[in-house]
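Student: Got a minute to go through this one with me? I'd like to start where the two chains meet.

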Amino acid sequence: MDLLQGTLDMLVLRTLVLAPLHGYGISKAIRNTSGEALDIEFGSLYPALKRLEAKSWISAKWEVSEHNRRAKYYRLTAAGRKHLQREHSKWIEFVSVVGQIMGPIREGGKS
Amino acid sequence: MSIIRKLKYLIPSHRRALEQDMREELESLTAIAESQEARRELGNLTRAAEEARAVWSWTWFEQLRGDVRYASRTMRHSPGFTATALLSLALGIGANTAIFSLINAILLRALPVSHPEALAVLSSVSRDGSVDNFGYPDYLVVRNQNRAFSGVLAASGQARVDVGMGAETELAQRKLVSDNYFAVLGVQPLIGHVFSNEDKGIQVAVISHRFWERSFAGSPSVIGRQIDLDGLPFTIVGVAPREFVGETVGEAPDIWATLSSMPASRRDLPGFTWLNLMARLKPGVQAQQARANLNLLLPQLPNSVSRGGFIDRISVQRGDRGSSGLRDSFSVPLNILMAVVAVVLLIACANLASLQLARAASRQREIATRLAIGAGRSRIVRQLMIESVLLALLGGLLGLLFAVWSQRLLLNLVAGIGRTITLDLRPDFRVLLFTGAISVTTGVLFGLAPAIKAVRYNAEALKLTTHQLSDRQRRWGLKDGLIAIQVALSLVLLVVGGLFIRTIRNLKTQDVGFRAANVLSVQLSSQREYQPNWASVIVTLLRRTEAIPGVQVASVSFNKILANDGSGVSGLKFDGYPPTRENQRAQANWVGPNYFETSGITLLEGRGFSPADTSTAQKVAIINQTVARHYFGNRRAVGQRFEFNKEQYKIIAVAKNAKYLDLRESNVPFVYFAALQNNSEIHSLEIRTSIPPLTVVGAVRKVVREIDPHLRIGKITTLEKRINQKLAPEFLVADIAGFFSGLTLLLVSIGIYGTLAYTVARRANEIGIRMALGARAATVLSMILRDVLWVLVPGLAAGVAVALSVGRLVASMLFGLKPTDLSTIALAALVLSAATLAAGYIPARRASRVDPATALRFE
């Protein structure tokens, strides 16, 4: 499934609401939460992390993982949380508007 | 935030730390992923790192650098095209820059004074709308009684004077100004002080920065130094700042002295209108209010209509750019020229675009390959645009050099012959901005069409042969349109050039009323204190001059013909005519014996002035046809009388009308008085020679020097030269429009030749088949030439339409013909058709000689 443009940032922020994660962990979390429907290439995810970090929506820190490995963990900042809330309500509105237009296609209608 | 991050990235240590951190992070993630047996999932880590780097780094800049490098390689690869393009761009952009710097200097630039926007230029307007200066008494009234200005300054024109500095003497331009001149303008001296009340008792002068450096080596000790101006002592009190060269655009005085240094007897003459007035508006006062206020003062002006003068009202105009006669005489020609050079640049654009299109066809393969291996279309358009913009910028740079180089030439064209105009034409910020902007616009204009066309190609193009590629062109495509545009614009230029060449011819061949050939005009000047018995000086001068070998006849006059110095007289009284303004005024000149023989002005009846017309004899005058017709109609004028200055004058002759001040004037009323009889000062010696007039200059100088060392010789020129000088604005447009119409004719021919040669080469196959099937050479020739007509005819039609509609822009400068002059347009069309058909003939002829066997074997 392809992602709508700009959605990736929102997904990453949403994933980090629960707990800080490292890069690979984020990609795995998104895949698992979506029930394997969304498989985000790491090649796209990683630049997105750097972008979000540059905007100070997330911050990074080296920590030791559950398997006793060093990894860089990303966590949501206060600014990031605020941004996510804004994006979230925009997203809800977007979905409902598109949903209204894209109601079920009647039989015999042109697709 | 983001910009700080990007700037920090430029610091090497910071960048190394970031890179190190990223590498460690990616390594750790790889380790984690591998431990979970998911190496594959991480994919291309190099690309991930590269794109992550883009967040901090200057990717667009790096790409730009790559594109520029690629573009310059492409340019080097085709030196012929690059050279042609650079040359036409340099000429086109350079011409635009040069004309714009003139416009900037004459029409746009503000004076380097404080708050120039509050300055106003005052001028007196007579009832017929002509604009004039003020006399000193008028100035005093305006200065002392107005309520609108915080200060009013007066300034004379600049004049050449002898400057004595110890033993040395040199010539310098001096300007006489009111004592508040610098204060009103708000100009602070570089060193010393400007005119002030404390200078009472001594004559003081402020010198220009240029003069300071030239004659005093920029020494600060110049303050307090004594110099002699025309034999009178002055003390230098200040040096003006470098950028300040006076209130009048085109002048650059070396020395400013106050009006009080002039003898009151001459300065205070009401009829002597020689002062430019500028004023600074009080805060909150509008020009409109100032005008109303000034016109309340009219009854008190000595030169106002109500007191028998000429001033009908006073106009108040913006003065932020100073005052300038240049602006009046050159704003129309400069605007015309700006349009002309803009058209030249457009033609160059169209020309380059068509050349680019021809090249684009051959680059089709390269572009298709790049598209096929994954280049984005926007990236390719950008690449192509960068190529053309880079070309245009380089062209613009060369153009700037060309403009700077051509400035002296241009300035000479503006000045005409024998006039000094000083303008600072060094490119300032505004000029550089202009050049940069037109360069980029030009690049975008000629690059856009080929670039858009280029990305319509797709990988399919790779399968086709070169010949098949070119043949997939529409019948009347972009390329033909571009050539038709060039033809049309080129026609417009040819028409403008033609109109001006014919205007000059009309102005020169019209009956000017005098015979200009072989007449030398010598300007005489004298120091103020020199008040000889002019009558005896004149008699001796003429006797000695006429004795010079080669001189036929000589005379003197107060005003020179066609030299901007005219004298209006008022107060002529003819019997039976009420003293209205029309009945009292005429232009006048005071002339010596043999004046009419010397100047070649025909006397229709009566006799010219003779040496016997002395101050003790009957006062006599000569009138021209216009005066005779006005007062006497069909009656005989000779023998009649009129009154002037309380004296009775007898009319002894009627002279044919002539051009006195301007070549475009007609039927000016004119009265000649006898210089001998009125002991008139003289400013000009006219000499008719039987040999080339300039050959007697040496002998004339010697004669004048021997008669009286106080009498000095100013400019020496011939009447023919002065006529050409009068035509400077017309010549300016004609020369430049002529030069560029020739140039664009060449460009258009090259464009047509290039496009056609290209088409012929591509169609060799088809032509070979036609000839193999029996087409004769003549058929092929006409087939190719038909292609030329195909673009020539619509181009000409559009050009004629444009020429007809823009003609009125130049109408005010034309003389003796209309802007829609059919013969000029027809001639231009003929020249253009001949040139384009000739350009098309060469490739067409080559096509007709195609050997069918060779052409068919080619594929």
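Student: Which strands of chain A does H2(B) lie across?
Tutor: H2(B) lies across E1 and E3 of chain A. The angle to E3(A) is about 105°. Keep in mind that this is a predicted model.

Student: And how many residues does each chain put into the contact?
Tutor: Chain B gives 21 residues and chain A gives 18 residues. On chain B, helices H1 (2–9), H2 (12–35), H3 (39–42) and H4 (45–56) each supply at least two residues of the side that touches chain A. That side of chain B has 11 nonpolar, 5 polar and 5 charged residues.

Student: OK, back to the sheet. What's the strand order?
Tutor: E1-E3-E2 in chain A, an open sheet of 3 strands with antiparallel pairing. Strands E1 (21–22) and E2 (58–64) are the edges, each pairing on one side only.

Student: How many bridges join E1(A) and E3?
Tutor: There are 2 bridges between E1(A) and strand E3 (residues 70–76) of chain A. A:Leu21 sits opposite A:Tyr74 in E3(A).

Student: Which helix of chain A packs on that sheet?
Tutor: Helix H1 (residues 7–18) of chain A, which touches E1, E2 and E3 of chain A and makes about 100° with E3(A).

Student: New topic: what's the radius of gyration of chain A?
Tutor: Chain A has 17 Å, while a compact globule of 111 residues would be near 13 Å. The C-alpha atoms fill a box of roughly 60 × 25 × 20 Å along the principal axes.

Student: What share of chain A counts as buried?
Tutor: 23% of the 111 residues.

How values were computed. Residues numbered from 1 in each chain as written. Chains lettered and ligands numbered in written order. Predicted model: local features only at pLDDT ≥ 70, side-chain atom pairs only at ≥ 80, totals over all residues. Rg over C-alpha atoms; globule rule 2.2 N^0.38 Å. Buried ≥ 20, exposed ≤ 12 C-beta atoms within 10 Å, placed from the backbone. Contact = placed C-beta atoms within 7 Å. Helix = DSSP H or I, 4+ residues; strand = E, 2+ residues; numbered from the N terminus. Nonpolar A, V, L, I, M, F, W, Y, C, P; charged D, E, K, R; others polar. Pairing = 2+ DSSP bridges. Axes fitted to C-alpha atoms, helices over the stretch in contact; angles between N-to-C directions.
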